[in-house]
Amino acid sequence: MLTEINFDGIIGPSHNYAGLSRGNIASASHAGDVSQPRAAALQGIEKMRHNLELGLPQGFFMPLDRPDAPWLATLGTTPEDAEGHLRAQAWSASSMWAANAATVSPAPDSADGKCHLTVANLVTMPHRSHEWPGTLAQLRLAFADPAFAVHAPVPAPFGDEGAANHMRLCSGHGSAGVEIFVYGVGGGRFPARQHLDASKAVARNHRLDPARTLFIRQSDTAIQGGAFHNDVVAVANEHVLFTHESAFEEREAAHAEIRAAFPAVEIVEVPASAVSLPDAIKSYLFNAQLVSLPDGGMGLVLPTEAQATPAVWNWLEDMIAGNGPIRRLLPVNVRQSMANGGGPACLRLRVVADPRAVDPRFIADDAKLDRISGVVAKHWPEAIAPGDLASAALASDVRTARAALLETLDLGELG
């Protein structure tokens, strides 16, 4: 039976605040802070446990090998000798944000009846551009069953940032849907990371029906305001689109196009007069997991920062008090991820599939999360300051920590 599985990225032992992500306001504002990798990973594990308690299927992906010495070698240097900005890029733990791992089209949407996944190339940001080989290896392992087709990345220079710029509307997760690719156009001080050509290439490779595939432009206002991905200003689940008024470049035309392709859509729009774009971005209101709960309702798994932003929380409470499709607010603490520019939805990739077709080593249960927590508590660094990235001893500790996790989960082939 097809169901939606949320795959979260386990926050890696090299988690640090180097401020590498231009256009990501939270990342830039915390550049140079001391990070807490152990606390970060434990927060992410608790979020997964929270979703399991809600009755939601849950998977996970491994952190990548860091610092990435082979990548630095292609630049003629090493983790010890690299210039500071290159060293920081090699240490980045940004693969934790699994929403950027790939774009996923479920089997009911594709002409060949397979679930298609295309690993994102992430070429816009140097620190992310070297993630895809390690991510692709995991995708090919987790989704090796013939029910899946796993694709190599769209070639550069066409920037593809994965599911963070992709939404799907459907009557139920296992039903055929309408897929929405949201792209940006460059020209401002912050880059537009999702290219239209990349989105079209993914749609073609996934064998999607053109009549049920939309390409909608993200608003320049949103991008330049710090919404570096569409999932910072909009999220969809089944028949519901939850969006900020400023999400799309031509709002009325975008809404009309969506309604024409999927007439049953229910658009829940937050007006800028109630929640400003800066408040939406600061609170990561839309970078929430909009999920279908076992009781038939929908809930928002959102960061606790939303509670701390009065305009956001007041609007949400008013919404819940009404008769709309979103019935529950489910705050989670992912503060360490938020400080580096990623909320609850950044940490997960949605895959609609039969769980029995997925390699069980990547599927979470309470016992497995206990084992992961034990490895994190024992091996993850408690803190990393910017100057620590030059430490060979810390690099050795980080690699040892990841190796311990792979061994615990019997995933040694990813070593």
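This is a short talk on the cavities and one helix pair in a predicted model.

Okay, let's start with the empty space. Searching the whole structure turns up 6 cavities of 30 Å³ or more. The one I want to show you is the largest, which holds about 320 Å³ of space. Its lining is made up of 23 residues, and if you go looking for the ones closest to the centre, you land on Glu4, His166, Met167, Arg168 and Arg350.

So what kind of residues line the largest cavity, by class? The count is 13 nonpolar, 4 polar and 6 charged.

Now, where do strands come into the lining? Strand 6, at 166-170, strand 9, at 234-237, and strand 15, at 348-353, each put in at least two residues. Strand 15 gives the most, with 5 residues.

Right, on to the helices. Have a look at helix 2, residues 37-53, next to helix 13, residues 366-379: their axes come within 10 Å, and the crossing angle is roughly 175 degrees. Because of that angle, helix 2 counts as roughly antiparallel to helix 13.

And which residues make the contact? From helix 2 you've got Arg38, Ala41, Leu42, Ile45, Met48, Arg49 and Leu52. Across from them, helix 13 brings Asp366, Leu369, Asp370, Ile372, Ser373, Val376 and Ala377. Sort the residues of this contact by class and you get 9 nonpolar, 1 polar and 4 charged. The charged ones include Arg38 and Arg49 on helix 2, with Asp366 and Asp370 on helix 13.

That's what I had, thanks.

Methods
Residues numbered from 1 in each chain as written. Predicted model: local features only at pLDDT ≥ 70, side-chain atom pairs only at ≥ 80, totals over all residues. Heavy atoms only, no water. 1 Å grid on protein atoms, 1.4 Å probe; cavity = no way out; pocket = protein on both sides within 12 Å on 5 of 7 lines; lining within 4 Å. Points joined across faces, edges and corners; volume = space filled by probe spheres on them. Helix = DSSP H or I, 4+ residues; strand = E, 2+ residues; numbered from the N terminus. Axes fitted to C-alpha atoms, helices over the stretch in contact; angles between N-to-C directions. Parallel < 35°, antiparallel > 145°, perpendicular 65-115°, else oblique. Contact = heavy atoms within 4.5 Å.
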